[in-house]
Amino acid sequence: MLKGRSLIEPGNFTIEEMDDLFTLAEKIENEEGYLRESCRGKLLATLFFEPSTRTRLSFEAAMQRLGGSCLGFADPGSSSASKGESLADTIRMAASYADAIVMRNPKEGAALLASRYSPVPVINAGDGGHHHPTQTLTDLLTIKRLRGSIKGLTVGFCGDLKFGRTVHSLAKALARYEDVGMVFVAPDELKVPEYIIHLLQKEGIKFLETKSLEEAMPGLDVLYMTRVQRERFFNEEDYIRLKDTYVLNKEKMELAKNELIVLHPLPRVNEIAVEVDTDPRAAYFKQAKYGMYVRMALLSSILGVV
Ligand code: CP
């Protein structure tokens with residue numbers, strides 16, 4: 001299906017190709033043993049230059065559930081990058097040992113650069129504040145599974161919309177679906193970048209920007225909460241001032257539709273109160289599990305075993 005292809009940003013795959021992955025992910029989830037052992041003998045390199053729990057562990061779980069194996073590092077300090085080895089050389093090495101590479105890197109554009117040096121597929125697991133396409137596959141699969149379809153939905157994004165790569169990737173992907181509306185809830189300092197706004201305007205997508213989560217809540221079908229990311233700030237004072245701008249709690253949930261689903265790429269810090277976890281509309285832990293199934297679908301597809 002996607003044999004030999006890299007995934008650097010969601011636009012690399014057509015809507016039809018993503019739909020095929022979602023169908024495959026659902027089959028993997030529901031048919032015990034389906035594709036298990038299909039990647040026996042294959043190796044996945046996981047190169048994480050930034051911390052991760054979900055993306056790295058779900059890729060490693062996905063590969064192992066498909067019968068394959070993983071090698072790599074979770075801390076660049078344990079690799080020769082700490083001795084000054086270039087990204088290009090690190091990638092050449094990983095590509096000579098593995099059949100595909102998953103990489104997270106703090107620099108925007110790092111995944112694209114890696115794909116230019118790699119003879120094997122490169123999957124972007126997050127490049128700075130730029131893109132996180134496998135999170136987008138996770139988000140779209142979750143919306144499809146829990147809401148039935150993406151068409152016609154109004155999706156609210158709340159929190160750090162400036163540096164949030166998951167927001168940039170998902171907003172760009174949603175803009176390709178029919179009749180989707182978006183509401184961006186952020187303080188002035190963390191507004192969604194102009195290039196996303198221009199893209200939405202060019203595509204004729206309905207959207208609005210607001211600072212009030214309370215005002216936005218009643219109109220939303222999906223609420224995508226995000227963390228204010230300490231690691232992206234140059235100034236600790238700005239982070240402390242902005243970190244608790246929005247906290248989703250029971251009171252705010254009362255303003256929302258019964259069919260709302262609340263997503264979050266995780267990790268969360270304070271932006272979703274723990275009391276919301278038991279609300280049936282809280283879908284963020286389910287979302288993380290769908291991430292493993294869609295990564296199984298992606299790996300089996302780019303490794304050419306389906
Ligand atoms: N959603 C996500 O990217 O989580 P991790 O940073 O834990 O991988």
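**Close-up views of the ligand site**

**View A. Backbone and side-chain polar contacts of the ligand.** In this predicted model, a nitrogen atom of the ligand lies 3.1 Å from a backbone N or O atom of L266. Two further contacts involve oxygen of the ligand: a ligand oxygen atom is 2.6 Å from an N or O atom in the side chain of S52, and a ligand oxygen atom is 2.8 Å from a polar backbone atom of T53. On its own the ligand has 250 Å² of accessible area, of which the protein covers 91%.

**View B. The shell and the pocket around the ligand.** The residues surrounding the ligand are S52, T53, R54, T55, R104, H132, Q135, P265 and L266. By residue class, this shell divides into 5 polar, 2 charged and 2 nonpolar residues. The space that the ligand takes is the largest pocket.

**View C. The ligand between the two domains.** The protein chain is divided into domain 1, which comprises 10-131 + 291-302, and domain 2, which comprises 133-288. Why is the ligand described as lying between domain 1 and domain 2? The ligand lies between them because both domains give residues to the shell around it.

**View D. Contact between domain 1 and domain 2.** The C-alpha centres of domain 1 and domain 2 lie 25 Å apart. Across the boundary between these domains, 32 residues of domain 1 are in contact with 25 residues of domain 2, with contact taken as heavy atoms within 4.5 Å.

How values were computed: Residues numbered from 1 in each chain as written. Predicted model: local features only at pLDDT ≥ 70, side-chain atom pairs only at ≥ 80, totals over all residues. Heavy atoms only, no water. Near = heavy atom within 4 Å. Polar contact = N/O pair within 3.5 Å; in protein donor to acceptor, adjacent residues only side chain to side chain. Areas by Shrake-Rupley, 256 points an atom, 1.4 Å probe, with all protein chains shown as cover. 1 Å grid on protein atoms, 1.4 Å probe; cavity = no way out; pocket = protein on both sides within 12 Å on 5 of 7 lines; lining within 4 Å. Sits in = over half its atoms within 2 Å of the grid points. Nonpolar A, V, L, I, M, F, W, Y, C, P; charged D, E, K, R; others polar. Domains from an automatic or database assignment.
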